[in-house]
Amino acid sequence: MSTLTAAPPAAPAAAAAAGPAPSFSSESAPSPSPSPSSESTSGQVRAAALEALLGDPGVPANPAGHRALLASDQAAALSPQAEALLDSFGMHREFVPRELGGRFDSADGLLRVMRPVFRRDVSLGMGYGMTTFMAASDVWMRGDERQRRRLGDLLLGGSKAAIAQHETAHTNDFVRNQISAVPVPGGGLSVTGTKPVVNNLHRADALVLFCRTGDHFPGGSQSALLLDPRELPADRYATERRPAAVGLRSCFFSGVRFDACPVPGEALLGEPGSGVATSLLSFQMSRTLMSALSVGAVDTSLRTAVLVDRRQGPGDTGTSPVDPQHTANTMAGAFVNLLLYDCLAVVATRALHLLPAETSVYSAAVKSLLPRVLVETMYELSTVLGSHLYTREGTVGVLQKHIRDVPVISLGHAGTVACQATIIPQLGQLASSSWFAQEEAPAALFRPNAPLPPFRYADLALASGRDSLSAALVATADILPGHGPVAAALRTMARHLVGELHDLRRRVLALPPLDGSHPVGPAWFALTDRYVLVLAAAAVLGVWRHNSDGPDPFLADPSWAAAALHRICRRLGTPPVDLPPQAMARVHQEVLARFGDRRSYDLHNTPLSG
C-alpha cells in the first residue's frame with residue numbers, strides 16, 4: 001500500500017463540482033488587476049488580482065460576498081461558489097513551492113494573497129487553504145523528495161490536505177499524544193488512537209498525522225506520518241463529524257479513530273522521533289501567518305463600524321450610540337490597535353526570511369498578542385453598532401461573524417500559554433547575552449514592500465538566543481527627533497520603553513534559573529507578557545522610522561506611532577506622558593479617508609473592491 005497517491009493534474013475539485021466560476025456585476029467594482037497567471041509575479045500583484053476577482057463583498061449576487069458567505073455560515077458549510085472563484089484564481093498553487101510547480105516562495109507573499117480571503121471570511125480562508133498549507137508545510141520541511149513531489153502533484157491537481165495534531169483531552173498539549181504507532185513484524189506500523197478535532201479530513205487526499213512512537217525509534221518519542229486517507233482500511237479507520245461550533249461554523253471538523261490500522265514504514269515524515277521538533281519549527285510558520293491573516297477580519301470589522309456610523313440619520317437614537325465622540329474615539333482606537341498589531345505581524349512574517357533563527361520568539365509573541373489586542377478590538381467595535389450588532393445578514397452581519405471567528409484563531413497549540421511556553425525558556429539567555437548587546441534588525445524587516453530573499457525551511461531554529469528586534473527599539477529611541485508635541489511624546493515614550501527593557505532584563509536575571517525540576521512560577525509569565533509588548537513597541541518604531549521617507553504620508557506621520565506606543569504604555573501600566581489630542585484626530589481622519597477611498601486599514605494600505 002502506498003502512503004500517498006498522486007492524482008493526475010485536473011481541474012480543482014471545487015471548480016469541477018460547481019462548474020465555471022460564477023460571474024456578477026457591480027457598478028462600483030474596480031478595474032481588473034494584472035493577471036496572476038505568471039508564476040513569477042509578486043505576492044502584491046497576485047493579491048491585487050485576487051481582490052479584483054473576489055469583487056465588492058457588498059454586492060448581493062457576489063458568490064464571495066457577505067450575503068453568500070453568511071448563508072454558508074448558517075448552513076455550516078463552505079460555499080462551493082466561493083471556492084470555485086479561488087480555484088479559478090489558482091489559489092491551490094499558492095501552497096506549493098515554486099520548485100514543485102507552484103507559487104510559494106515567500107511567507108510574506110502568501111500573507112498578501114490570503115488577506116483578501118480573510119477579510120471576507122475566516123472560515124473560507126481556513127477551510128479552503130490554510131489548513132492545507134499547514135499540513136503541507138510539514139511535508140515541505142521534513143519530507144523526502146518522493147513525499148514532496150507526490151503531495152505537490154496532489155495539491156496542484158486541486159486536492160486538499162489535513163493535519164491531525166490537536167490533543168483536546170490534554171489542553172492541547174501535543175506531546176501527550178493519544179495516537180500511538182508501533183512497528184509490526186515484516187515492516188510497517190500499526191496505528192491506534194483518536195484525534196478529536198481535525199479540519200477538512202472529510203475531503204483530504206493527504207493527512208499529516210502526529211503520533212506517539214515511544215522508545216521504538218531513536219531521537220524522540222513523537223513522530224509524524226504522511227498518509228493517504230483514501231487507502232486506509234475502512235474497518236481500521238473511521239471519521240465522525242463534530243457538531244458545528246460557534247466560531248468557524250463553515251469549517252468541517254471531524255474526529256478520527258485508528259484501530260490497529262496498518263500503514264507502511266515509508267509513511268514516516270522525516271526522521272523517526274522528530275515529531276516534536278517538526279511541530280515546534282512548523283509552529284513558527286503557522287503561528288505567524290495565522291496571526292497576521294486575522295488582521296483582515298478586523299479590517300473588515302472596522303470598515304463595517306464606520307459604515308454603520310455614517311449611515312445613521314439625525315435623531316436615529318434607536319440604533320445609534322448615544323455619544324458620537326465615543327464612536328469616533330472607538331474607531332480611531334481600533335485603527336491604532338490594528339496598526340500596532342500589524343506592525344508586529346508583518347515584522348514577524350518578514351523575519352521568517354530575514355531573521356529565521358529568531359522567529360521562534362517573534363512568532364510566539366505575535367500569536368500571544370492576538371487575543372489581547374485584536375479580540376478586544378473586535379468587542380470594542382461592537383459597541384459602535386448599537387442594535388445593529390444583532391443583524392445577521394448583509395454587510396453589517398459580517399461583523400458578528402468575525403466576532404465569533406477571530407477568537408478561534410487564538411486557540412490550540414498556538415494559544416497564549418503555548419506561546420508563552422515557547423518564549424520563557426529563552427528569556428534568560430536573551431537577557432544575559434542579547435538585550436542591549438545585539439545589532440539591530442535590518443531596515444528591510446520594517447518595510448512591507450521591500451524585496452525579500454526566498455524562504456528556506458532549513459534556516460529555522462528552535463532557539464538562537466538572539467533578538468535583533470528589541471535592538472531596533474534601543475537604536476531608534478536614541479535618534480528620535482522631538483520637534484512638535486506629537487514627536488516629543490513619541491520620543492519620551494520610546495525612551496520609557498527602553499527603560500522597560502532594562503527593567504525586564506534586571507528582573508529576568510534576578511529569577512532562579514529554570515531547571516525543569518520545579519514548576520515555572522507566575523513571574524515568568526508576567527515578564528513574558530511585558531516582553532511581548534516591548535517587542536510590539538519595537539516593531540511600531542521600526543516601521544515608522546524606516547517608512548518616514550516613504551510614499552505613504554500617513555505611515556510617515558508620527559501620530560499613529562505615538563498613539564500606538566501610548567496604548568502599549570497603558571497596557572504596561574505606565575504611560576509616561578499624555579497623548580497630544582492632534583495625534584488621535586489625525587488617526588480618525590485617516591480612518592474616514594481610507595473608508596471613502598476604499599483602502600485597507602492595514603500597513604499595506606491597498607485598494608479594495610468594496
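Me: Which residues are linked in a network of salt bridges here?
Reply: Glu51, Arg115, Arg119, Arg120, Asp299, Arg303, Asp342 and Asp602 are. This is a predicted model, where local features need pLDDT of at least 70, side-chain atom pairs count only at pLDDT 80 or more, and totals for chains, interfaces and linings use all residues. Residues are numbered from 1 along each chain as its sequence is written, and side-chain values use heavy atoms, with hydrogens and water left out.

Me: What makes Arg119 and Asp602 a salt bridge?
Reply: The term asks for a side-chain nitrogen of Lys or Arg within 4 Å of a carboxyl oxygen of Asp or Glu. For Arg119 and Asp602 the N to O value is 3.5 Å, so the pair qualifies. Arg119 sits in helix H5 (residues 107-120) and Asp602 in the segment after H18, 483 residues apart.

Me: Why is Asp56 called buried?
Reply: Buried means under 20% relative accessible area, exposed over 50%, and partly exposed in between (1.4 Å probe, protein chains only). Asp56 has 10%, so the word fits.

Me: And why is Arg598 called partly exposed?
Reply: Its relative accessibility is 29%, so Arg598 falls in the middle class.

Me: How do you know that Asp529 is partly exposed?
Reply: Asp529 has a relative accessible area of 25%, so that label applies. Asp529 also forms a salt bridge with Arg372, with the closest N and O atoms 3.9 Å apart. The two lie in helix H15 (residues 522-546) and helix H10 (residues 359-382) respectively.

Me: How many salt bridges does a search of the whole structure find?
Reply: The search finds 35.

Technical notes. Helix = DSSP H or I, 4+ residues; strand = E, 2+ residues; numbered from the N terminus.
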